[in-house]
Amino acid sequence: MKAIELFKDRTVYSFEVFPPKPDVPIEKIYETLAALETLHPDFISVTYGAGGSVPGASTAEICRTIQEKHHTVAIAHLPGINETRESVLKKLAQFKALGIENILALRGDRNPNAAPKDDFHYASELIAFIREHGDFDIAAACYPEGHPEAPDLDTDIAHLKEKVQAGASHLISQLFYRNKDFYVFREKLAAAGISVPVEAGIMPVTSKKSIERMVSLCGASIPKRLAKLMARYADDPASLKAAGLEYAIEQIMDLRENGADGIHLYTMNNPDVARYITEAIAE
Ligand code: FAD
């Protein structure tokens with residue numbers, strides 16, 4: 001099933017997982033998927049080469065398992081920066097053979113230790129190429145606070161429009177902690193003529209270390225209220241986690257009340273966190 005169909009009649013609720021890092025046994029991700037299936041997400045997306053996973057380590061295989069064993073729609077992430085046209089064609093053929101119909105097409109992060117390939121400079125080029133070479137539903141990333149390399153939010157939104165014009169049918173946002181940023185962003189998208197569904201990316205704060213790492217990687221800002229919570233529970237990880245989960249639940253409730261097209265939960269492969277939040281927001 002194409003993921004865009006899901007947005008027709010509901011507020012989509014989706015999860016993101018990553019392939020196991022080299023020091024984690026492969027079985028672990030299959031246990032995680034089994035636990036996540038019981039929470040009935042509309043789809044599960046699987047990263048590629050992000051956050052320390054080995055590039056290519058079974059993103060496609062994990063997507064196949066999500067679809068065949070867990071009967072859930074899967075989206076395979078595909079960054080283009082280290083790919084050639086030829087290698088993307090091979091991946092598209094593999095996706096087709098495995099029954100994967102949905103791709104989140106990305107540029108990918110620049111690696112200071114490796115020169116990028118020259119075929120796909122921006123996600124929009126990859127989206128156009130995929131559109132030309134297969135029958136896939138294509139999603140793209142968006143950034144409520146602007147992509148860290150963009151000179152300003154309006155310029156970033158102009159480039160986002162290029163992704164939609166190239167064929168992205170829906171958008172998944174970078175994590176953010178101030179819903180107001182998302183609402184202002186949505187208004188700017190409407191003003192720019194971008195009308196595809198936009199899912200809000202939510203990453204619960206579960207530890208000080210993990211959040212500092214994520215925020216430094218993606219450039220999201222920490223609002224005062226969250227900073228205060230992090231300071232108050234600096235030496236009390238259990239209370240910080242509890243407060244972080246409540247913060248994420250409040251964010252999701254507010255986003256739903258304000259008509260978000262979808263909620264995309266960055267699960268960090270932690271089904272307990274996903275379960276806690278899913279049960280708390282159940283209607
Ligand atoms: P683009 O849309 O190409 O934008 C990158 C920058 O280039 C922006 O600043 C944009 O404004 C600018 N730009 C775009 N077009 C032009 C143009 N024509 N001229 C000048 N400037 C332009 N990374 C991974 O490696 N693997 C993953 O699995 C992964 N999953 C992700 C999932 C989500 C939901 C999100 C939000 C991000 C994910 N990322 C992943 C990170 C992503 O690869 C990085 O944020 C990357 O830096 C940008 O990717 P993009 O697809 O948004 O790039």
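Is glutamine 251 buried or exposed? The tour of this predicted model opens with that residue and then moves to two helices, the ligand and the salt bridges.

**Stop 1: glutamine 251**

Select glutamine 251, which is placed in helix H9, residues 237-257. Because its relative accessibility is 5%, under the 20% limit, glutamine 251 counts as buried. Next, display its surroundings, disregarding neighbours within four places in sequence: glutamine 251 is in contact with Phe176, Tyr177, Arg178, Asn179 and Ile202.

**Stop 2: serine 239, in the same helix**

Remain on helix H9 and select serine 239, which also lies there. Serine 239 has a relative accessibility of 24% and counts as partly exposed. Add aspartate 236 to the selection: the side chains of serine 239 and aspartate 236 make a polar contact at 2.5 Å. Then add leucine 229, which is 10 residues away from serine 239 along the chain. The C-alpha atoms of serine 239 and leucine 229 are separated by 9.3 Å.

**Stop 3: helix H2**

Select helix H2, residues 59-68. Of its 10 residues, 7 are buried, so helix H2 is largely enclosed by the rest of the structure. To view the buried set, colour Thr59, Ala60, Ile62, Cys63, Thr65, Ile66 and Gln67. Which elements cover these residues? The cover of the buried residues of H2 includes H1, E2, E3 and H3.

**Stop 4: helix H4**

Move on to H4, which spans residues 123-133. Its buried residues include Ala123, Ser124, Leu126, Ile127, Phe129 and Ile130. Display E3, helix H3 (85-98), E4, E5 and H5, which are among the elements covering the buried residues of H4. Keep Ala123 in view, as this residue returns at the next stop.

**Stop 5: the ligand**

Select the ligand and the shell around it. How many residues surround the ligand? The shell comprises 24 residues, of which the closest are Arg107, Asp109, Tyr143, Asp156 and Lys163. By residue type, the shell divides into 12 nonpolar, 6 polar and 6 charged residues.

Colour by secondary structure to see where the shell comes from. At least two shell residues are supplied by each of strand E3 (73-79), E4, H5 and strand E6 (170-175). H5 gives the most, with 4 residues.

Three distances to ligand oxygen atoms can now be displayed:

- Lysine 163: a polar side-chain atom lies 2.7 Å from a ligand oxygen atom.
- Alanine 123: a backbone N or O atom lies 2.8 Å from a ligand oxygen atom.
- Alanine 150: a backbone N or O atom lies 3.5 Å from a ligand oxygen atom.

On its own, the ligand has 980 Å² of accessible area, and the protein covers 87% of that area.

**Stop 6: arginine 10 and its two partners**

The remaining stops concern salt bridges, of which the model has 17. Select arginine 10 together with aspartate 9; these residues form a salt bridge, with the closest N and O atoms 3.1 Å apart. Arginine 10 is partly exposed, at a relative accessible area of 37%, whereas aspartate 9 counts as exposed, at 60% relative accessibility.

Now add aspartate 42. Arginine 10 also forms a salt bridge with aspartate 42, and here the closest N and O atoms are 2.5 Å apart. This pair links distant parts of the chain, 32 residues apart: arginine 10 is in the segment before strand E1 (12-17), and aspartate 42 is in the loop between helix H1 (27-37) and strand E2 (43-46). Aspartate 42 is buried, with a relative accessible area of 14%.

**Stop 7: arginine 110 and glutamate 149**

Select arginine 110 and glutamate 149, whose side chains meet in a salt bridge at 3.8 Å, N to O. Arginine 110 lies in the loop between strand E4 (102-106) and helix H4 (123-133), and glutamate 149 in the loop between strand E5 (137-142) and helix H5 (153-166), so the pair ties together parts that are 39 residues apart in sequence. What is the exposure of each partner? Arginine 110 counts as partly exposed at 48% relative accessibility, and glutamate 149 likewise counts as partly exposed at 46%.

**Stop 8: a shared network**

Finish by selecting Lys2, Glu101 and Asp135, which are joined into one network by salt bridges that share partners.

How values were computed. Residues are numbered from 1 along each chain as its sequence is written. This is a predicted model: local features need pLDDT of at least 70, side-chain atom pairs count only at pLDDT 80 or more; totals for chains, interfaces and linings use all residues. Side-chain values use heavy atoms; hydrogens and water are left out. A salt bridge is a side-chain nitrogen of Lys or Arg within 4 Å of a carboxyl oxygen of Asp or Glu. Buried means under 20% relative accessible area, exposed over 50%, partly exposed in between (1.4 Å probe, protein chains only). A residue is near a molecule or strand if one of its heavy atoms lies within 4 Å of it. A polar contact is a pair of N or O atoms within 3.5 Å; within protein, one must be able to donate a hydrogen and the other to accept it, and residues adjacent in sequence count only if both atoms are side-chain atoms. Accessible areas come from the Shrake-Rupley method with a 1.4 Å probe; for residues, only the protein chains shown count as cover. Ala, Val, Leu, Ile, Met, Phe, Trp, Tyr, Cys and Pro count as nonpolar, Asp, Glu, Lys and Arg as charged, and the others, Gly among them, as polar. Contact means heavy atoms within 4.5 Å.
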